[in-house]
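Trainee: Could you take one part of this structure and go through it closely, with the criteria behind each term spelled out?

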Amino acid sequence: MPNVVIEDSNQKATAMFHTHETAPTQFVEGEEIRFAYRRFGKPGTIPLLLLEYFNSNMDGWDPDVTNSLAADHEVILFDNAGVGASGGKTPNVVAEMTEPCVAFCRTLGLKQIHVVGFSLGGMIAQQLALEHPELVGRLILLGTGPRGGEDMTFTELSAEEQGDPVTFLLAAFFSPGEASQAAGREYMKRLESRKNDRDLPVSKGSAVAQVAAIREWGTIPATGRYATLKSITHPTLVVHGNKDIVVAPINAFILAEHLPNAQLIMYPNASHAAFTQHRKAFLEHVKIFFSDGNSVVPDQDSIKSSVA
């Protein structure tokens with residue numbers, strides 16, 4: 001069981017000295033749920049709330065990415081309801097997964113957040129921005145798609161998908177090419193860099209609920225298939241791999257087309273975890289996205305060395 005840490009002002013001040021590997025697992029008591037989280041990075045900034053992918057916990061984020069983000073932002077890793085070390089029950093509908101996020105933010109006294117959502121986390125991020133626009137500043141959507149997107153019912157997905165996590169992640173997150181698979185193996189090594197106070201695994205019950213939520217999200221509605229996207233006016237960075245076999249790349253184009261203030265980055269020779277395979281370029285794009293309100297991303301030629 002992770003250590004229980006009661007957060008105080010001194011711990012907030014010292015968060016800047018922690019990293020992905022050392023930030024203590026803390027707990028905060030909401031009205032109904034005891035949430036597990038870790039926070040580290042630059043104090044005094046609007047926090048980046050990172051929302052996880054299917055069947056993952058706080059240890060599923062790439063430390064190279066989170067530590068780099070923490071140089072310019074406070075980073076908050078978070079287990080949603082029923083996931084990992086958090087209490088409560090995992091909802092089986094994406095729309096119901098937003099309320100625990102809001103409860104967590106309110107309990108911590110967070111007035112505004114930027115949201116980074118990967119896959120399932122990106123679905124929750126969209127719904128969060130739609131239902132609570134005042135809470136969300138900016139969105140970064142990684143390897144995700146819109147409600148009712150193309151080929152997003154995931155009929156072959158099951159709670160047992162990660163019985164062999166190495167094989168699963170290498171096949172789903174990285175393309176078959178030698179460079180991508182090598183990047184995947186390095187990523188798997190980095191996931192083990194946190195040695196102590198690791199998160200609890202996702203229970204089968206939580207994974208089953210997540211599968212149901214993902215399938216419901218991917219079901220094509222009878223009318224107004226992408227109608228709600230126009231209401232998400234937040235500055236948004238959509239990041240995808242051109243060979244993503246989990247969420248088809250067309251869904252990234254749909255998001256970029258229908259979100260009023262979105263820009264799209266499509267990384268080459270990359271599957272679901274394009275942002276970690278091309279993390280150097282991704283982190284540069286994030287800096288630009290947040291810099292002085294400037295949301296113009298350079299063309300691919302200007303960052304060719306970054307994605308080499």
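Mentor: What follows is a close look at strand S6 and the elements around it.

This is a predicted model, in which local features need pLDDT of at least 70 and side-chain atom pairs count only at pLDDT 80 or more, whereas totals for chains, interfaces and linings use all residues. Residues are numbered from 1 along each chain as its sequence is written, and side-chain values use heavy atoms, with hydrogens and water left out. The pLDDT, the predictor's confidence in each residue from 0 to 100, averages 91 over the chain, and 88% of the residues score at least 70. It stays under 50 over residues 1-6 and is below 50 over residues 294-308 as well. Where pLDDT is low, the predicted coordinates should not be read in detail.

Strand S6 covers residues 136-142; strands (E, at least two residues) and helices (H or I, at least four) are DSSP runs, numbered from the N terminus. Seven of the seven residues of S6 are buried, so the strand is largely enclosed by the rest of the structure, where buried means under 20% relative accessible area with a 1.4 Å probe, protein chains only.

On one side of the pairing, strand S5 (residues 113-118) runs parallel to S6 and is joined to it by five bridges, two strands being paired if DSSP finds at least two bridges between them. Among the bridge partners, isoleucine 113 is matched with valine 136, and valine 116 with isoleucine 140. S6 is also joined to the parallel strand S7 (residues 236-241) by four bridges, with leucine 142 partnered by valine 239.

The connection from S5 to S6 involves helix H4 (residues 120-131), and the three elements make a right-handed β-α-β unit; right-handed means that, with the strands pointing away from the viewer, the path from the first strand over the helix to the second runs clockwise.

S5 is itself mostly covered, with six of its six residues buried: Ile113, Val115 and Gly117 lie on one side, and His114, Val116 and Phe118 on the other. Strand S3 (residues 48-51) runs parallel to S5 through four bridges, and leucine 48 stands opposite histidine 114.

The largest nonpolar core, a set of buried Ala, Val, Leu, Ile, Met, Phe, Trp, Tyr and Cys residues joined through side-chain atoms within 4.5 Å, has 49 residues, and Ile113, Val115 and Leu139 are among those with the most contacts inside it. Helix H3 (residues 94-108) gives the most to this core, with seven residues.

Note on methods: Buried means under 20% relative accessible area, exposed over 50%, partly exposed in between (1.4 Å probe, protein chains only). Contact means heavy atoms within 4.5 Å.
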